[in-house]
Amino acid sequence: MVSVEGFLDCCTTMKKIALAAFLIAGLCAPTLSLDTEHFVISDNRNWDDAHSNCKNKYTELSSIYDEQEMEVLQTLSKKGWIGLFRAVSNSNIWNWTDGTNFSFQNWDVHQPDNSVGSENCVVENGWWNDYFCGVHLPSFCSQEMRKMVEWLLIVK
Ligand SMILES: [Ca+2]
């Protein structure tokens with residue numbers, strides 16, 4: 001026969017086990033996220049060499065998806081090649097070297113103007129300008145970083 005105290009001890013123990021299970025299963029949820037970091041390469045290269053250098057040492061020439069990312073690049077350098085290029089000669093079709101969709105745009109006034117029909121690469125200088133790919137400039141490279149993020153819920 002179980003005494004009253006024994007019954008209460010049993011309930012308390014079960015509550016502790018349930019709480020422990022809840023803490024393990026529900027409150028700590030480690031997840032893996034991808035973070036992009038940008039770097040400036042200050043020695044001057046043409047766009048093709050800048051692209052090869054980024055692929056060899058980082059992940060890609062930088063892609064820019066929004067205003068915040070623009071600001072991050074501007075804190076690194078005032079000017080540099082990015083991963084945007086004219087996909088079809090003399091068209092207004094643009095691709096990112098990493099294959100992501102082209103939607104955000106930040107062209108300077110009167111750009112892209114495709115001067116003399118051969119400005120097929122894009123330089124970032126606070127705004128974007130299509131420019132001659134053979135010009136030697138600094139460049140922006142990006143790197144994908146795998147980061148472990150652990151979500152913790154604080155119980156009051
Ligand atoms: Ca231009």
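Is Cys141 buried or exposed, and how many C-beta neighbours does Cys141 have inside 10 Å?

1. Cys141 counts as buried because 25 C-beta neighbours lie inside 10 Å of it, and the cut-off for a buried residue is 20 or more. The model is predicted, and this should be kept in mind for each point below.

2. As for the setting, the chain has three helices and seven strands. Along the sequence they follow the pattern α-β-α-β-α-β-β-β-β-β. Of the 156 residues in the chain, 22% are buried. Among contacts with a separation of 6 or more, 64% are between residues 24 or more positions apart.

3. Cys141 belongs to strand E7, which covers residues 137-151. Cys141 also shows a pairing of positions distant in sequence: His38 is 103 residues away along the chain, yet the two C-alpha atoms are 5.7 Å apart. Leaving out residues up to four places away in sequence, Cys141 touches Phe39, Ile41, Cys54, Lys57, Tyr58, Leu61 and Ser62.

4. Phe140 has contacts that include His38, Val40, Leu61, Ser62, Trp81, Ile82 and Glu124, with neighbours within four places in sequence set aside. Leu61 and Ser62 are thus on the list for Phe140 and on the list for Cys141.

5. The largest nonpolar core has 20 residues, and Phe140 is one of those with the most contacts inside it, as are Ala50, Leu61, Trp81, Ile82, Cys121 and Val122. Two or more residues of this core come from each of helix H2 (47-57), strand E3 (80-86), strand E5 (121-124), strand E6 (128-131) and E7. In soluble globular proteins, nonpolar side chains tend to be buried together.

Notes. Residues are numbered from 1 along each chain as its sequence is written. This is a predicted model: local features need pLDDT of at least 70, side-chain atom pairs count only at pLDDT 80 or more; totals for chains, interfaces and linings use all residues. Helices (H or I, at least four residues) and strands (E, at least two) are DSSP runs, numbered from the N terminus. A residue is buried if 20 or more other C-beta atoms lie within 10 Å of its own, exposed if 12 or fewer, and partly exposed in between; C-beta atoms are placed from the backbone. Two residues are in contact if their C-beta atoms, placed from the backbone, lie within 7 Å. A nonpolar core is a set of buried Ala, Val, Leu, Ile, Met, Phe, Trp, Tyr and Cys residues joined through C-beta atoms within 7 Å.
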